[in-house]
Amino acid sequence: MNTAFAVPAIYHNAHVTRWVAEVAQLCRPDRIQWCDGSAAEKEALTAEAVSLGILIPLNQQKRPGCYYHRSNPNDVARVEQCTFICTPTPDEAGPTNNWADPAEMSTKLNALLAGAMQGRTLYVVPFLMGPPGSPLARVGVELTDSIYVVLSMGIMTRMGCVALEQLGDSERFTRGIHSMLDVNPERRYIAHFPNENLLISVGSNYGGNVLLGKKCMALRLASHWGRDEGWLAEHMLILGVESPTGDKTFIAGAFPSACGKTNFAMLNPPARFAGWKVWTVGDDIAWMKPGADGRLYAINPETGYFGVVPGTNYKSNPNAMECMRKDTIFTNVALTPDGDVWWEGKDEPPPAECLDWRGQRWTPDSKEKAAHPNSRFCAPMTNNPMLAPEVNDPAGVPISAIIFGGRRTNTMPLVYQAFNWVHGVYVGATIGSETTAAAVGAVGQVRRDPMAMLPFCGYNMGDYFRHWLQMRRVIKSPPRIFHVNWFRKDAAGKFLWPGYSENMRVLKWIVDRCRGEANANEALLGWVPSAQDFDLDGLDGFNAERLEQAQSTDVEEWRREVLQQDELFIKLYSHLPKEIIFQRELLIARL
Ligand code: OXD
Ligand code: MN
C-alpha cells in the first residue's frame with residue numbers, strides 16, 4: 001500500500017481497514033481519505049468542493065456556512081425501479097420490492113465498480129445512527145467517491161471518530177459502497193444485501209439513493225433487524241408536545257413522502273395555544289423498541305434534515321426556515337443574483353431574474369419552475385430552535401401515540417382513533433396517498449403505502465404486518481393509533497382544513513386522548529372527536545359545520561376505498577396475516 005493509503009491511528013478496527021483495502025483494490029481510487037468528522041476536515045472538504053464547482057458558496061452575510069449544489073438533471077429523486085433487495089429468495093423480499101439474486105447482483109455491481117474510482121478519491125466515512133451509547137444505535141461505514149455525500153453525511157449522521165469509538169473492534173457494522181460512476185440512469189442501482197449487512201449504490205448522487213445511512217440502512221436494512229430482534233424501524237417523525245404545565249407527550253407519525261412530514265415534525269403552535277410547545281425529535285425515521293416499563297421508546301437515528309424545499313416558508317414551517325439560515329447545503333433550488341436561494345412558495349415574491357435549478361436564466365415569465373419540485377435542504381438538527389433536548393438521550397423517548405396519514409382529496413376524515421392496536425395496524429397497513437415529486441413517476445394518483453413504508457420495507461410486506469401485530473405482545477402499554485388527513489377538499493375543491501400550525505388542534509385532541517382527558521364518539525371508522533371535544537376557538541372560517549364536513553364518512557367512497565385495498569391485499573395474499581383480513585371484514589360490516 002502506498003503512503004497515500006496510510007491508515008490514521010483512529011482506524012484501529014481491522015475489519016474496517018481490511019474491507020477498505022479490498023474495495024480500494026476493486027475501485028482503484030487515486031487516493032483514500034479516512035474521515036474523522038472534525039471541523040477542520042469539513043472546512044478542507046468544503047473548500048475542495050468549491051474549487052471543483054461541486055458547491056457554490058452562497059452569500060455568507062445572508063447565509064453563513066451555506067452552499068449550493070446542482071445535481072445532474074437526470075438524478076433528482078429516489079428511483080424505486082433501480083432499488084433492489086437482494087435476499088436469497090424473491091419471496092423474502094416480497095412482491096412490493098424489486099428482487100435480485102445476491103450473487104448475480106454482486107457480479108454485476110463488481111463489474112461496474114472495477115476501476116470506477118480511477119482519478120478520484122475514495123472517502124471512508126464512518127457514521128453512527130443513533131445517540132452514542134444507545135442500545136439501539138448502529139454503526140455504518142460508507143465508502144464513496146462523492147464529496148457531496150461526505151459533507152451531507154457529516155450533517156445527517158454522527159460522522160467520524162464518534163462512530164469508530166462506538167464500533168470498537170467489532171465487525172458488526174453496515175458496509176456501504178457508493179460510486180457515482182458517470183451518473184447514468186442506465187447504470188443506476190441501489191442494492192441491499194441484508195444477509196451481508198451490505199449496501200451498494202452506483203450511478204446516482206441524489207440524497208435518498210446515496211446517503212446510505214438514511215433510507216438504505218435506517219429503513220430497508222433496519223427493518224430486517226427490527227423483525228429479527230423485536231423492534232420497529234419506521235418511516236416516522238417523532239415529536240414531543242409540551243403542555244403549559246410542562247407535561248410532555250411524545251408522538252410518532254408515518255406519512256408517505258412529501259405529505260408535510262417535516263412541517264408537522266416542526267409545528268409551531270398557533271396563538272390560541274399560548275404556553276404549548278412542540279419539540280422535534282426527528283422528521284423522517286424512528287427506531288422504536290419496547291422498554292423495561294412496557295412502553296415503546298423511540299430514537300431518531302439521524303442528526304439532520306434532508307427536507308423538500310418548495311412550499312417551505314414562514315407560514316408553513318418557520319422552524320425549517322430557521323434551520324436553513326446557516327450551515328446548510330441546498331440542492332436544486334434557484335440561485336439569485338445576490339447569492340441567495342429562492343424557490344416556489346418562499347415568502348418573498350420571485351426575483352426579477354435568477355438561475356434555475358439547471359443553471360439556466362429564469363424570469364417570472366419562464367414556463368418551467370425555478371426550483372425543482374424535489375429540491376432539498378440538508379441542515380443540522382442543531383439549527384432547529386425547537387430541537388427536543390431528549391434527542392441525544394440513549395434511552396429514547398416514550399411514545400404515547402402513533403399517527404398515520406396520507407394526502408387524500410376525499411374519503412379520509414380529518415382525524416380518527418383506531419379501536420385498538422390490531423385495528424391500528426390495519427389502518428396503517430391500508431394508508432394511501434396521492435403521489436408527489438419525491439419519487440420518480442406519475443404525480444397525483446392514490447398509491448397504497450402501508451405505514452408509509454412501501455418504498456422502504458426491506459422484506460415481505462405481509463411479514464412486516466405480522467411483525468407489527470406480534471409487537472403487541474411485547475409492548476404492555478401500546479401507543480394509541482390515529483389516522484389524520486390534512487388534505488381533504490370540499491365540493492368546490494377548497495381544502496376543508498386550514499392545516500399548518502392549526503394541526504396543533506388535532507394534535508391536542510390526540511394528546512388529550514392519550515392522557516385520558518378527551519371524549520370521543522364511536523363511529524364507523526374508529527373513535528372521533530365531537531365538536532365539544534375539539535378546540536375550534538379563534539379559527540377563522542372553520543366552524544362546527546365545517547368540522548362535520550371534514551369528519552364525514554361517505555359510505556360510497558368507503559366502498560371504493562375497501563375495494564381498492566384489495567389490490568394490495570391480493571398482491572400480498574400468501575403472507576397476509578388473517579387479522580388484517582378480519583379487520584377489513586369488520587369494517588365492511590360496519591359500513
Ligand atoms: C424522503 C422521502 O426523502 O421519504 O424523506 O422520500
Ligand atoms: Mn422520508
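This passage describes the domains of a predicted model, the interface between two of them, and the salt bridges found in the structure.

The domain assignment divides the protein into three parts, and two of these are built from separate stretches of sequence: domain 1 covers 14-53 + 78-229, and domain 2 covers 234-304 + 388-586. Domain 3 takes in residues 305-383. Between the C-alpha centres of domain 1 and domain 2 the distance is 31 Å.

A good place to start is the interface of domain 1 and domain 2. Here 38 residues of domain 1 are in contact with 36 residues of domain 2. The size of an interface is often given as the accessible area lost when the parts come together. For domain 1 and domain 2, the area buried between them is about 3,200 Å², with 55% of it on carbon and sulfur atoms. On the side of domain 1, the residues that lose the most area to domain 2 are Arg-78, Thr-96 and Leu-136, which together account for 21% of what that side buries.

Polar and charged pairs also cross this interface. Between domain 1 and domain 2 there are 23 residue pairs in polar contact, counting pairs with both residues at pLDDT 80 or more. The elements α3 (90-93), β6 (121-129), α5 (147-156) and α8 (213-229) each supply at least two residues of the side of domain 1 that touches domain 2. Helix α8 gives the largest share of that side, with 11 residues. By residue class, the side of domain 1 that touches domain 2 comprises 17 nonpolar, 11 polar and 10 charged residues. Four salt bridges are found across the interface of domain 1 and domain 2.

Salt bridges deserve a wider look. Side chains of opposite charge can pair when their charged atoms come close. The structure as a whole holds 33 salt bridges. One of them joins the side chains of Asp-284 and Lys-215, at 2.8 Å from N to O. This pair links distant parts of the chain, with Asp-284 in the loop between β15 (277-282) and β16 (286-290) and Lys-215 in helix α8, 69 residues apart. Both Asp-284 and Lys-215 are buried. Another salt bridge is formed by the side chains of Arg-447 and Glu-80, at 2.9 Å from N to O.

The side chains of Glu-390 and Lys-248 likewise meet in a salt bridge, with an N to O distance of 2.8 Å. Here Glu-390 sits in the loop between β24 (376-380) and β25 (397-405), while Lys-248 belongs to strand β14 (residues 248-254), and the two are 142 residues apart. Lys-248 is partly exposed, its relative accessible area being 27%. A network of salt bridges links Lys-62, Arg-63, Asp-338, Asp-340, Lys-346 and Glu-348.

Finally, Glu-561 and Arg-448 form a salt bridge in which the closest N and O atoms are 2.8 Å apart. Because Glu-561 lies in helix α15 (residues 555-571) and Arg-448 in strand β28 (residues 446-448), the pair ties together parts that are 113 residues apart in sequence. Glu-561 is buried at a relative accessible area of 1%, and Arg-448 also counts as buried, at 10%. Both residues are touched by Thr-430, whose contacts beyond four places in sequence are Arg-448, Glu-561, Gln-565 and Phe-569. Thr-430 is found in the loop between α11 (421-429) and β27 (432-434). With a relative accessible area of 7%, Thr-430 falls under the 20% cut-off and so is buried.

Notes. Residues numbered from 1 in each chain as written. Chains lettered and ligands numbered in written order. Predicted model: local features only at pLDDT ≥ 70, side-chain atom pairs only at ≥ 80, totals over all residues. Heavy atoms only, no water. Domains from an automatic or database assignment. Contact = heavy atoms within 4.5 Å. Buried area = accessible area lost by both parts, 1.4 Å probe. Polar contact = N/O pair within 3.5 Å; in protein donor to acceptor, adjacent residues only side chain to side chain. Helix = DSSP H or I, 4+ residues; strand = E, 2+ residues; numbered from the N terminus. Nonpolar A, V, L, I, M, F, W, Y, C, P; charged D, E, K, R; others polar. Buried < 20%, exposed > 50% of the residue type's maximum accessible area, 1.4 Å probe, protein only.
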